[in-house]
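Please open the structure in your viewer and keep the selection tool at hand. The tour below goes from one selection to the next and says what is to be found at each stop.

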Amino acid sequence: MTPSGTVHEAVQRVLIDSDTLQNRIRELGRQISADHAGQEVTLICILKGSMLFTADLMRTLDVPVVVDFMGISSYGASTKSSGVVKIVKDLEERIEDRHVLVVEDIVDTGLTLNYLLNALTLRKPASLKVCALLEKPARRKVEVKIDYLGFTIDDHFVIGYGLDYNNHYRQLPYIGIIRPEMVSE
Ligand code: IMP
């Protein structure tokens with residue numbers, strides 16, 4: 001897809017187009033379904049960045065699934081992690097004895113996911129796994145195990161397919177690198 005029109009003008013370059021995203025998500029779905037055969041999976045969608053990914057991923061799963069949502073504080077108007085993580089919206093259901101799959105948009109420093117996994121472990125799920133669409137290994141500060149990974153990317157600030165800058169651009173149907181002049185720091 002060629003970026004055109006207002007919202008696409010924030011994009012310097014399309015990094016992962018829509019077809020490539022959907023093909024990879026179908027592969028992840030097949031793998032997750034095979035690994036969870038005979039189980040019911042609780043998908044935890046991490047708001048807001050994972051909403052499009054969760055919606056597409058769950059349509060590829062053929063095991064029984066329930067979905068719940070967790071809101072995590074983000075960077076605000078910045079492209080750097082503050083390292084401070086806060087649950088701003090908690091799950092509605094208990095996850096004790098459930099097979100849990102955390103669906104995350106991107107693992108950057110790893111601080112968010114690390115915090116989250118520690119918090120969820122205390123709730124005693126039967127199993128706890130992570131499916132992340134993207135990871136940026138260059139900026140990792142803590143090691144976190146990603147069980148299912150879509151793509152590894154270089155150290156760019158990316159927007160689209162749920163990912164934002166200052167809460168904008170989530171609706172882009174692809175992952176794009178933001179134009180440096182759009183970023184105020
Ligand atoms: P971490 O704690 O540094 O791993 O940050 C993870 C969170 O930061 C992600 O869930 C995103 O919300 C946000 N984030 C990290 N990198 C990007 C990016 O390139 N674009 C948009 N959001 C990002």
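A disulfide is a pair of cysteine sulfur atoms that lie within 2.5 Å of each other. The model on your screen is a predicted one, and by that definition the structure holds zero disulfides.

**First stop: the cysteines**

Select Cys45, which is in no disulfide, and look from there to the nearest cysteine sulfur, that of Cys131, which is 11 Å away. Now move the selection to Cys131 and ask why its sulfur forms no bond with the closest cysteine sulfur. The sulfur of Cys131 is 11 Å from that of Cys45, and a disulfide needs the two sulfur atoms within 2.5 Å, so the distance is too far for a bond. With the two residues still in view, note that Cys45 is buried, with a relative accessible area of 1%, and that Cys131 is buried as well, with a relative accessible area of 0%.

**Second stop: an aromatic pair**

Next, select Phe157 together with Tyr165, whose rings make up the one aromatic pair that the count comes to. The centres of the two rings are 6.0 Å apart and their planes stand at 80°, so the pair is edge-to-face, a term used here for planes over 60 degrees apart. Are these two residues buried or exposed? Phe157 is buried, and Tyr165 is buried too.

**Third stop: the ligand and its shell**

Now select the ligand and display the residues around it, of which there are 17, with Asp105, Thr109, Gly110, Thr112 and Val158 as the closest. If you colour this shell by residue class, you should find seven nonpolar residues, five polar ones and five charged ones. Two elements worth selecting here are β5, which runs over 99–107, and α3, which runs over 111–121, since each of them supplies at least two residues of the shell. The largest share, four residues, comes from β5.

**Last stop: contacts to ligand oxygen**

Finally, zoom in on Asp105, where a polar side-chain atom lies 2.7 Å from an oxygen atom of the ligand. At Gly110 the atom to look for is a backbone N or O atom, which lies 2.8 Å from an oxygen atom of the ligand, whereas at Thr112 it is a polar side-chain atom, at 2.5 Å from an oxygen atom of the ligand. Taken alone, the ligand exposes 490 Å², and the protein buries 92% of that area.

How values were computed
Residues numbered from 1 in each chain as written. Predicted model: local features only at pLDDT ≥ 70, side-chain atom pairs only at ≥ 80, totals over all residues. Heavy atoms only, no water. Near = heavy atom within 4 Å. Polar contact = N/O pair within 3.5 Å; in protein donor to acceptor, adjacent residues only side chain to side chain. Areas by Shrake-Rupley, 256 points an atom, 1.4 Å probe, with all protein chains shown as cover. Nonpolar A, V, L, I, M, F, W, Y, C, P; charged D, E, K, R; others polar. Phe/Tyr/Trp six-rings, centres within 6.5 Å; stacked < 30°, edge-to-face > 60°. Buried < 20%, exposed > 50% of the residue type's maximum accessible area, 1.4 Å probe, protein only.
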